[in-house]
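Work through the exercises below with the sequence and coordinates open. Try each task before reading its solution.

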Amino acid sequence: MTTDRRVPRTPAVVAHKVLNNNVVISVDTSGQERVLMGRGLGFQLQPTDTIDPAKVEKTFILEQGSGADHARQLLASVPYPVIEAVTAAVDEAERTLGRSLGRRLPLAIIDHVQYVLERMEKGIRIPSTAMPELRVLHPQEFDAAAAMARSVSASLQTDLPQEEAVFLTMHILNATRDEPNGTAALLFRRVQHVVTTVEGGLGVQLNVASPDYARFILHIQFLLQRLVAKSMLRGSDTSFFEFAKHSYPRSYAIAADVKLYVSEATGSDLTDEELLYVIVHVERLANQVVDGQAP
C-alpha cells in the first residue's frame with residue numbers, strides 16, 4: 001500500500017464500495033483500487049454516487065494480493081481518529097527525516113497503534129527492553145519515532161507507553177528493508193546480540209550513557225558493515241593481536257564468543273585485526289567494572 005496525502009484535483013470519481021462513514025473504495029481508470037478517506041466522506045453515499053475530490057483528505061493505493069484485503073479490513077474497522085493521528089504522525093516523521101518511509105509504514109503503524117490501544121483498554125502491557133542501542137545506532141529514527149508516539153498520544157489524548165518509541169523505531173527501520181541499503185533492522189539485532197554476549201562475559205549490565213559504551217556500539221556497527229562490504233581490516237603484523245590475546249585473557253575470551261556469533265550469523269570470520277579492536281573495546285569496558293563503575 002502506498003499513500004498519496006495530497007488532495008486530488010482530478011474530476012469527481014465514482015464510489016466503488018463504502019466501507020464506513022469515513023472510508024470509501026474507488027477504482028481509477030486504470031483499474032487500480034484506491035482507499036479514499038475523509039471525515040463523513042462515505043455518509044449516505046451510494047456505490048454509484050460520485051465523490052467530490054475536495055472532500056478527500058487522504059488516499060491509499062492498494063497493492064494486489066492478500067495485503068489489500070487486510071488493508072480494507074483494517075481501515076474499515078479502526079476508528080478514524082486513530083487513522084488521522086497516525087497518518088499525521090507519519091507525515092511529520094517523513095518531513096523530519098527528509099525521506100519517504102515506504103509504502104507499508106502507515107498501515108503497519110495504524111495496525112500497531114490500534115493493537116496497543118486495545119491492550120491498554122484491557123490493562124495488558126507487554127514488557128519491553130529499553131534497547132538503548134537504538135539511540136546510538138539510529139538517533140534520527142529514534143527521535144522521529146519518539147515524536148511520532150508523542151504526536152499520536154496528543155491527538156488521541158491517550159498516553160502511549162514509553163516503550164512505544166522503541167517499537168516505532170523498529171517499524172521505521174523495517175520500512176526500509178526493501179531499499180538498497182535496507183539492512184538497518186538486521187544490523188541492529190546483530191549489534192544487540194553482541195552487546196548481550198559482552199554483558200554476559202563481563203557479568204554486568206553496561207551503562208548505556210557511558211562514552212565507552214557509545215564507542216563500542218559504533219565500532220561493532222562499523223565492523224558488521226565492513227563484513228557485508230567485504231572490506232575487513234587486515235595486516236601482516238600480528239604482534240599487537242598476540243599481545244592483547246595473552247595480556248587480556250577474559251576480554252579475548254569474550255571477543256572470541258563475539259567472533260563465533262558473527263561467523264554463525266554472517267558466514268564470515270573476523271580477521272585478527274578486527275578481533276584485536278573488539279578485545280581493546282571490551283577491555284576498556286572491563287576496566288570500568290574493576291574501577292567500580294558500570295561501563
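**Exercise 1. Find the glycine just after helix 3, then check the helix itself.**

Step 1. Gly123 comes just after helix 3 and takes a positive phi of about 75°.
Step 2. Count the helix: residues 105–121 make 17 residues. At 1.5 Å a residue they should span 24 Å, and the end C-alpha atoms are 24 Å apart, so the two values agree.
Step 3. List the buried positions. Among them are Leu105, Leu107, Ile109, Ile110, Val113, Val116 and Leu117. Polar or charged names appear too, including His112, Gln114 and Arg119.

**Exercise 2. Classify His112 and name its contacts.**

Step 1. His112 is found in helix 3.
Step 2. Its relative accessibility is 14%, under the 20% limit, so His112 counts as buried.
Step 3. Leave aside neighbours within four places in sequence. His112 is then in contact with Glu164, Phe167, Leu168 and His171.

**Exercise 3. Decide how far to trust each region.**

Step 1. This is a predicted model. The protein chain averages a pLDDT of 82, and 84% of the residues score at least 70.
Step 2. Confidence is lowest in strand 1 (residues 2–4), with a mean of 52, and highest in helix 5, at 95.
Step 3. The pLDDT is below 50 over residues 5–11; that stretch has 14 contacts in the model beyond near neighbours in sequence. Residues 178–182 also fall below 50, with 4 such contacts.

**Exercise 4. Explain what is unusual about Gln44 and Gln157.**

Step 1. Recall the background: most residues other than glycine have a negative phi.
Step 2. Gln44 is not a glycine, yet its phi is positive, about 55°. Gln157 also has a positive phi, near 55°.
Step 3. Place them. Gln44 lies in the loop between strand 4 (33–37) and strand 5 (50–51). Gln157 is in the loop between helix 5 (139–156) and helix 6 (164–174).
Step 4. Check accessibility. Gln44 has a relative accessible area of 63%, so it is exposed. Gln157 reaches 75% and therefore counts as exposed.

**Exercise 5. Describe helix 2 and its salt bridges.**

Step 1. Helix 2 (residues 80–97) has 18 residues. It reaches 26 Å from first C-alpha to last, close to the 26 Å expected. Gly98, just after it, takes a positive phi of about 75°.
Step 2. Its buried residues include Val82, Ile83, Val86, Val90 and Leu97, and also Asp91 and Glu94.
Step 3. Glu84 forms a salt bridge with Arg39, with the closest N and O atoms 2.7 Å apart. This pair links distant parts of the chain: Arg39 is in the loop between strand 4 and strand 5, 45 residues from Glu84. Glu84 is partly exposed, at 22%.
Step 4. Arg95 pairs with Glu92 at 2.8 Å. Both lie in helix 2, 3 residues apart, about one turn. Arg95 is exposed at 56%, whereas Glu92 is partly exposed at 39%.

**Exercise 6. Trace the network around Asp212.**

Step 1. The whole structure holds 6 salt bridges.
Step 2. One of them joins Arg284 and Asp212, at 3.6 Å from N to O. Arg284 sits in helix 11 (residues 272–290) and Asp212 in helix 8 (residues 211–229), 72 residues apart.
Step 3. Compare burial. Arg284 is partly exposed at 39%, while Asp212 counts as buried at 11%.
Step 4. Add the third member: salt bridges with shared partners join Asp212, Arg215 and Arg284 into one network.

Conventions. Residues are numbered from 1 along each chain as its sequence is written. This is a predicted model: local features need pLDDT of at least 70, side-chain atom pairs count only at pLDDT 80 or more; totals for chains, interfaces and linings use all residues. Side-chain values use heavy atoms; hydrogens and water are left out. Helices (H or I, at least four residues) and strands (E, at least two) are DSSP runs, numbered from the N terminus. Buried means under 20% relative accessible area, exposed over 50%, partly exposed in between (1.4 Å probe, protein chains only). The expected span of a helix is 1.5 Å times one less than its number of residues. pLDDT is the predictor's confidence in each residue, from 0 to 100. Contact means heavy atoms within 4.5 Å. A salt bridge is a side-chain nitrogen of Lys or Arg within 4 Å of a carboxyl oxygen of Asp or Glu.
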